[in-house]
Amino acid sequence: GGMGMQIPTLKQGNVSRENVTSFGGYHAGARIAEGEFAAMKNCTGDQFPLIATRRKRGVYAAPQKCNGLLAKDSLCWVDGSKFVMNGYETELHLTDSPKQLVSMGAYVIIFPDKKYINTADLSDFGNLEGEFTSAGTVKFTPVDGDGKPLIPAYTQPEEPEKPENGALWLDTSGAGALLQWSAGTGMWVSVDNTLVRISCPGMGAPFRPGDGVQLTGVPAGVETSGVIADCGRDYVTVPGLLEREASLDTPVTVGRYLPLMDMVLECGNRLWGCRYGLNRTGAVVNEIYASKLGDFRNWNCFQGVSTDSYCVSLGNDGPFTGAVQHLGYPVFFREDCIHRLYGSTPATFRLQTTPCPGVQQGCSQSLARVGQMLYYKSPTGVCAYDGAVPVTVSQKLGVMPCTRAAAGALGDKYYLCIQEEETTGQLWVYDTARGLWHREDDTCVRCFCTCRDDLFFVNGAGQIISVMGRGQPEEEISWMLETGMLGTLTPDSKTLTRLNLRLELAQQATVWVQYDGDDFWTPVATVYGSAGQCFNLPVAVRRCDRLRLRLAGTGFMRLSCITKTMERGSEVL
């Protein structure tokens with residue numbers, strides 16, 4: 001009989017409907033779920049499982065030139081060379097350059113200016129460093145801890161004969177020791193606290209007792225680095241051992257200096273910093289520093305006490321790329337490792353180094369904490385770090401070319417601006433609770449700052465923007481969504497015959513369709529909405545296996561459902 005021509009017949013009841021009612025976020029993959037989006041602009045997962053337009057931002061402040069941002073009780077920023085607190089200009093004057101602002105108690109410490117201001121008392125501001133260089137005669141007097149002169153009666157290598165009770169002998173037989181005769185015990189007792197008072201008009205004004213200082217131009221016997229035991233307006237008292245009073249007419253310099261630091265953070269009531277490169281004196285260093293406990297001015301106090309400052313050299317190579325306080329410890333990053341410091345005092349500080357993806361060079365601002373998790377941009381993607389090992393969370397973003405990144409946190413969301421060039425940015429939001437990424441817009445963000453249940457950022461125009469919409473609200477938002485392939489993912493011969501969208505629109509939207517195999521988009525409908533109205537939008541499509549949808553518009557939008565009507569052809573008889 002041979003093969004006759006067989007015609008597939010369509011049986012009734014072969015029409016089925018499928019609903020997409022849960023919408024995820026952005027996904028750059030080749031095949032993505034029907035509720036995910038291959039492209040997106042200004043949409044949010046705040047109303048999950050629905051997808052909607054993001055909340056309107058607001059222009060909170062418009063400084064002439066925003067050089068830095070910090071949250072205290074209210075938002076603080078640097079406008080050009082002025083430090084501004086909640087809109088109030090303080091008397092503190094700075095250089096007009098980008099700043100790193102660090103909070104410690106009520107104080108704000110400003111780098112690279114090395115200045116501080118007390119936000120609870122705006123008249124209390126000044127320099128972290130202090131220096132005095134003499135211009136006239138400087139007098140050096142050996143004294144004890146009470147400031148009484150310590151002039152030896154004897155300066156010789158051999159023991160003096162018949163000394164009086166209380167007589168002082170400078171024993172020059174060894175390294176030099178000061179001893180005092182005690183007639184009661186018949187013994188020479190060493191004098192431990194030998195100091196030198198250095199006097200000159202104005203010399204003590206920049207300093208206070210407890211300051212760690214460096215001294216140059218001083219006679220032998222005065223230690224060139226030490227901690228000031230006592231000071232007044234016209235003198236400082238420092239460790240040293242002199243056999244007699246002395247005067248000098250050559251310049252003598254006393255200075256309290258900070259190490260040069262790449263990045264600074266506050267942790268445990270100390271400031272911490274790191275440096276890779278040349279230090280203040282021109283030597284190559286690879287070091288981490290901590291200030292004295294509770295004292296951001298002092299980084300050179302090494303007396304063996306728990307409040308000392310601290311310094312440690314590191315073996316790993318390469319520049320530091322980030323620094324942050326996490327879970328109560330200071331954490332320093334390079335591109336290929338993480339350094340954590342444990343312990344509570346300099347004697348117990350321990351450095352732990354973990355080889356793993358660190359912060360990418362140029363992305364130090366991408367560090368932001370959401371709950372107990374720290375997020376940052378690494379050379380391979382976005383990492384979540386719980387204090388043990390970082391985990392990549394940006395697989396759905398695909399490959400992201402990036403030279404600079406900045407980030408902030410609000411609630412359980414991580415906001416990340418990725419810049420490939422100086423002038424172009426992409427603002428992404430990661431919902432850490434649901435693991436969804438949403439793309440907002442092309443805003444360039446220089447820095448973020450979370451303050452009082454709001455997230456602020458400085459945009460490319462230098463305005464301070466509020467994510468929650470404080471201040472002057474922005475214009476209507478333009479938005480866009482592109483779905484992945486809608487249709488059949490099974491090998492059945494199903495045909496897509498109709499689409500229905502359930503959405504709310506405040507203004508208008510246009511719908512395009514791209515059929516499988518086409519590289520162009522066909523506009524199919526433009527619709528106008530009014531606030532609060534939810535409607536069904538039927539989309540006329542030609543019969544096909546699969547297609548993609550693009551929606552774009554302005555104003556508020558919320559999409560709750562895409563309904564696909566499918567017809568199944570009968571199997572060949």
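# Why is it called that?

Q: Which strand gives the most to the lining of the second largest pocket?
A: Strand 29 does, with three residues. A strand here is a DSSP run of E with at least two residues, numbered from the N terminus.

Q: How do you know where these values come from?
A: This is a predicted model, where local features need pLDDT of at least 70 and side-chain atom pairs count only at pLDDT 80 or more, while totals for chains, interfaces and linings use all residues. Residues are numbered from 1 along each chain as its sequence is written, and side-chain values use heavy atoms, with hydrogens and water left out.

Q: What makes a residue part of the lining of the second largest pocket?
A: A lining residue has an atom within 4 Å of a pocket point; the pocket itself is an open set of points on a 1 Å grid over the protein atoms alone, where a 1.4 Å probe fits, with protein on both sides within 12 Å along at least five of seven lines. The lining has 16 residues, and Pro259, Asn279, Glu287, Tyr289 and Asn300 lie nearest the centre. Strand 29 (284-290) and strand 30 (310-313) are the elements that give two or more residues.

Q: How many residues of each class does that lining have?
A: It has 10 nonpolar, four polar and two charged ones. The charged class is Asp, Glu, Lys and Arg; Ala, Val, Leu, Ile, Met, Phe, Trp, Tyr, Cys and Pro are nonpolar; the others, Gly among them, are polar.

Q: Why does Gly126 count as buried?
A: Because its relative accessibility is 15%, and buried means under 20% relative accessible area (exposed is over 50%, partly exposed in between, with a 1.4 Å probe and protein chains only). Gly126 sits in strand 13 (residues 121-127).

Q: Why does Leu327 count as partly exposed?
A: Leu327 comes out at 38% relative accessibility, so it gets the in-between label. You'll find Leu327 in the loop between strand 31 (322-326) and strand 32 (329-333). Its phi is positive, about 55°, although it is not a glycine.

Q: Why is Asp454 called buried, and what does it touch?
A: Asp454 has 0% relative accessibility, so it falls under the buried cut-off. Asp454 is in strand 44 (residues 454-459). Setting aside residues up to four places away in sequence, it touches Leu410, Cys449, Ser466, Val467, Met468 and Arg470, where contact means heavy atoms within 4.5 Å. A polar atom of the Asp454 side chain also lies 3.5 Å from the backbone nitrogen of Val467.

Q: Why is there no bond between the sulfurs of Cys449 and Cys451?
A: A disulfide is a pair of cysteine sulfur atoms within 2.5 Å. The Cys449 sulfur is 5.9 Å from its closest cysteine sulfur, in Cys451, so that's too far for a bond. Cys449 is buried too, at 9%.

Q: How many disulfides does a search of the whole structure find?
A: Zero. Cys43 is in none: the nearest cysteine sulfur, in Cys534, is 16 Å away. Cys43 counts as buried, with a relative accessible area of 1%.

Q: What is the phi of Asn42, and where is this residue?
A: Phi is near 60°, a positive value in a residue other than glycine. Asn42 is in the loop between strand 2 (37-41) and strand 3. At 4% relative accessibility, Asn42 is buried.

How values were computed. Helix = DSSP H or I, 4+ residues; strand = E, 2+ residues; numbered from the N terminus. Polar contact = N/O pair within 3.5 Å; in protein donor to acceptor, adjacent residues only side chain to side chain.
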